[in-house]
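Colleague: I would like a close look at the aromatic rings in this model, at what they pair with and at the charges placed over them. Please carry on into the strands and side chains that this leads to.

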Amino acid sequence: MPSPYYEDTSPGYGARPARAHLRTDAESRDLSGVWRFHLAPSPDRAPEGFWEPGYDDSAWSELPVPSHWQMHGHGEGPAYTNIGYPFPLDPPHVPDDNPTGDHRLTFDLDAHWTAHPAVLRFEGVDSCARIWLNGRELGVTRGSRLPAEFDAGPHLRAGRNTLAVRVHQWSSGSYLEDQDMWWMPGLFREVTLIRRPAGGIEDAFVHAGYDAGTGRGTLRVDAATRDGATARLSVPELGVADVPAGTETEVAAVEPWTAETPRLYDAELATDTERVALRIGFRTLTVEDGLLAVNGRPLLLKGVNRHEHHAEHGRALPGQTHLEDLLLMKRHNINAVRTSHYPPHPRFLELCDELGLWVVLECDLETHGFCYSDWAGNPADAPEWADACLDRMRRTVERDKNHPSVIMWSLGNESGTGRNLEAMAAWTRERDPGRPMIHYEGDQACRFTDVYSRMYPPHEEVEAVGRHAEAPLADPAADAHRRQRAFILCEYAHAMGNGPGGLREYQELFERYPRLQGGFVWEWIDHGIARRTEDGRAYYAYGGDFGEQYHDGRFNMDGLLFPDRTPSPGLIELKKVYEPVRVTPAAGGRIRVANLHDFRDLSALRCVWELTDEGVPVLSKPLDLPALAAGESAEVGLPEMPSVAGEGLVTVRVLLAADEPWAAAGHEVAWTQLALPAPPPPARRGAAPRAPSRRADGTVRLGPGVFDGRTGRLVRLGPLELEGPVLDLWRAPTDNDRNPSFYAPDGTSAEQRWRAAGLDRLQHRVDEVTVTGGGLLVRTRLAAAAQAAGMTAEFHWSAEEESLLLAVHVVPQGDWSCGLPRLGVRLALPPAVDRVEWYGRGPGEAYPDSRSAARVGRYRSSVAGLQTAYVVPQENGARAGIRWAELTAPDGTGLRLASTGSPRLSLTARRWTTAALDTARHPTDLTPSDRLHVHLDAAHYGLGSASCGPEPLPQHRLEAAAASWGVRLSAAGGARPGTGDA
């Protein structure tokens, strides 16, 4: 049997040549809205003749366009895969079970539409579409995230018109679109009818350069017109008027475009019949000493990867969503975005131009699943796919060539290597020499690309590259060639679940070595899909939640935003790490201010300092901020501070001085905290320690505490009933704990090592409960069934006034090479306890390698507010550096605690056990228990990025070793613990 058209490896047929996305005054008609829709499970069961104007579609459903039909209840739910295709790897064939969506729209036109040519423009169709207008076939398009235009004028009618589009979920194009995302078909971007007047403008290419030495600009706009018409350019603000297209004009003085100063000039390209609005940014891209430079200055990319995703609409993003994303990026100090792994909606790039973001624009190409066949038949190299690959690159470049924000083209992602990629690079260089760097991570020898790019290397490898000391290539000439290339991490720091860790250490390397031009964190948003349980509770679905036979589970929950676009703790940490101004202590009570911008001075910012005493504000005043040029630093003196009674901290905050398009005046750009010299500790209280006593009921009374005489556990503290504390080593594994790192020598994950050692099933044994003259000694041992290794713990209890002092000392016995998830104690409080106030790091969670954004202060929260609702439940919510905390019920009763000595403890409080958190697949699986479970930890294992990269750095891992820590406990009420207790 002949192969159907949707299995042909060509780009399709009937489409017009690719061109720029232009804003024209030519009349247009937005065909978005409600269409008639019919879904067939396979092409052979789709209706015949539905494209004819007289076809009766009254029994069909209605479907909004743009949309994915699965997001509106049609067919099976979407499927998520990361690498493998959800159909047999048998190119170019696809399964017979190929959902086919037929779309019909009737619309009316005035007679004047038939007097001129017109085009139908499809901004995005997944994955293959065949189009008819008034019963006449226009053509077939593949390339889901790329536009396609078809000549419509000869087929338009005055009055009623019928547009029919058949969309196949699977096609040959699907083999080129294996991009680690939900497979969701449909007309998911706009459909527009555009008049093409005689003598109109078909295409335009803006060339706007800037000479940083002279401040001059050069401008040339090439134009393709209909009927040989002449197009002329005007830029009123620059005095450019009526210049013929294709003419280079020199402008004596222009303000350059950069992501930090996104200066745009409004221009108009016009013929007698059509006017096109252009927004021009003057900037020159060069490669200097192997580094990408803009206007003569090398860049440091502080970026993220961005898939287009919306929890309710899939990739059919509402228009406002693009602005929401960019505002969040700018407000979190992100200066660059890689459009993984396809061109985004055109509006996103317009906003990048306006608000200022460096863009690495990626072609709609990924063939990752061919790795399972050892890349045999890979379209990136197979001749029969050459036209399709080059077509996708051509459509990418032509659509977006006029955006000053686009500084680099990327050939695609994870498609192996091959001749078709080389051809794409060669064509791109010839078409657009003004962007001298072409990216493709798979070309690690830089044979046909201009930047050395990697994914998820560990810190030590990144540092070696920065020193030009990476492992050599076999070919000395190729090795020397690559060592002259800039290094960019196109993906690093996998933001899956609780994480990523190690961001600060990566950034330190980027700033230390010029060859390292930054990178892009993976990725911007969790791809959760909004769902509800049978009883109406909301949650977000991930791979496998729609009954897919083959899927990659939770691996698409890897964003810095939660699915509702709430920033995750990882994004808050990234903002701190990416700060464009750094303030550090200097000698003599001074601070050093460093301007880390690439171009902008500090004149748009202002600075304030705030003094706190034990977290209580004392004083706040402005601080003169020098107008440092980009890259400069200087010392600034702080005023003499008044004395404070407790811990004195000075917080220096750098703020926007005036409104910016992306944030209001007063928005915090950067901050740091400086500790004042500690005051002398207060005199010790004179009261003698209180002696314990055994009681007739077998309990032991020590100060305000009552202990179980057999287990030694505290059961009452003043009026408060509680359970514990007991030694605790287990945490609900994070996504980074669960997945084996690429670099794990034995190929196991932290969770696998911990479970193999039985840390999730530890058993307690009490060895001794002894009443001494000064208190109570409890010795216990913690170990797992079938394991010889154990952990002994000594709990030394004493009492002072209305407080209990607990000193814990632990010693490991046997083989603990697995390391530890956590080291601390846990206890349980009555369920009425619901409020938490603390003095320590906050307001959000913090872990050893992700705590830069947690500043010391006084905070309040409900217990529910302490939880971070990761789409997949896991360890979360730790508040670090606790000086003191109160956990109270509405009536004020509860528990007060304070760290004594070092280390300061970490506090976690939640209404479910660690075991319940461990087994839950969604937050809706968590049911509050009849206790508040409180964890006081001396140490935690770091977060790392092992879900797709390295484990935590050695200094952030938690190895088993003898350790000691202490805490003061008292019932709520009375004076708070002071510095003397902390």
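Modeller: What follows goes from the ring pairs to the charges over rings, and then to a lysine and two sets of strands.

The model is predicted. With a cut-off of 6.5 Å between ring centres, the count comes to 36 aromatic pairs. One of them is formed by Tyr456 and Phe742, whose ring centres are 6.4 Å apart with 75° between the planes. Since planes over 60 degrees apart count as edge-to-face, this pair is edge-to-face. Tyr456 belongs to the loop between strand S30 (452-455) and helix H5 (459-466), and Phe742 to the loop between helix H9 (735-738) and helix H10 (750-756), so the pair ties together parts that are 286 residues apart in sequence. The two residues can also be described by their accessibility. Tyr456 has 3% relative accessibility and therefore counts as buried. Phe742 has 51%, and so counts as exposed, the cut-off for exposed being over 50%.

Elsewhere, one aromatic cluster is made up of Tyr85, Phe87, Trp170, Tyr175, Trp183, Phe370 and Trp385.

Next, the charges over rings. Lys401 is placed over the face of Phe205, 5.5 Å from the ring centre. For Lys576, the charged end sits over the ring of Trp671, at 3.9 Å from its centre.

The second ring leads to strand S41 (residues 668-675), which is mostly covered, with 6 of its 8 residues buried. Strand S40 (residues 648-656) pairs with S41 in the antiparallel sense, over 7 bridges. Within this pairing, Gln673 in S41 is the bridge partner of Thr651.

A further lysine, Lys330, is in helix H1 (residues 319-331). Lys330 is buried but has no salt bridge. The nearest side chain of opposite charge is that of Glu660, 7.4 Å away, whereas a salt bridge needs the charged atoms within 4 Å. Apart from neighbours within four places in sequence, the contacts of Lys330 are Ala259, Leu355, Gly356, Leu357 and Trp662.

Last, there is an open sheet of 9 strands with antiparallel pairing, in the order S42-S43-S44-S45-S46-S51-S58-S57-S54. Its edge strands, each pairing on one side only, are strand S42 (693-694) and strand S54 (879-882). S42 is joined to strand S43 (residues 700-702) over 2 bridges in the antiparallel sense. Opposite Arg694 stands Val700 in S43.

Key:
Residues are numbered from 1 along each chain as its sequence is written. This is a predicted model: local features need pLDDT of at least 70, side-chain atom pairs count only at pLDDT 80 or more; totals for chains, interfaces and linings use all residues. Side-chain values use heavy atoms; hydrogens and water are left out. Rings of Phe, Tyr and Trp (its six-membered ring) pair if their centres lie within 6.5 Å; planes under 30 degrees apart count as stacked, over 60 as edge-to-face and the rest as tilted. Helices (H or I, at least four residues) and strands (E, at least two) are DSSP runs, numbered from the N terminus. Buried means under 20% relative accessible area, exposed over 50%, partly exposed in between (1.4 Å probe, protein chains only). A charge sits over a ring if NZ of Lys or CZ of Arg is within 6 Å of the ring centre and within 35 degrees of the ring normal. Lys and Arg count as positive and Asp and Glu as negative; His and the chain ends are not counted. Contact means heavy atoms within 4.5 Å. Two strands pair if DSSP finds at least two bridges between them.
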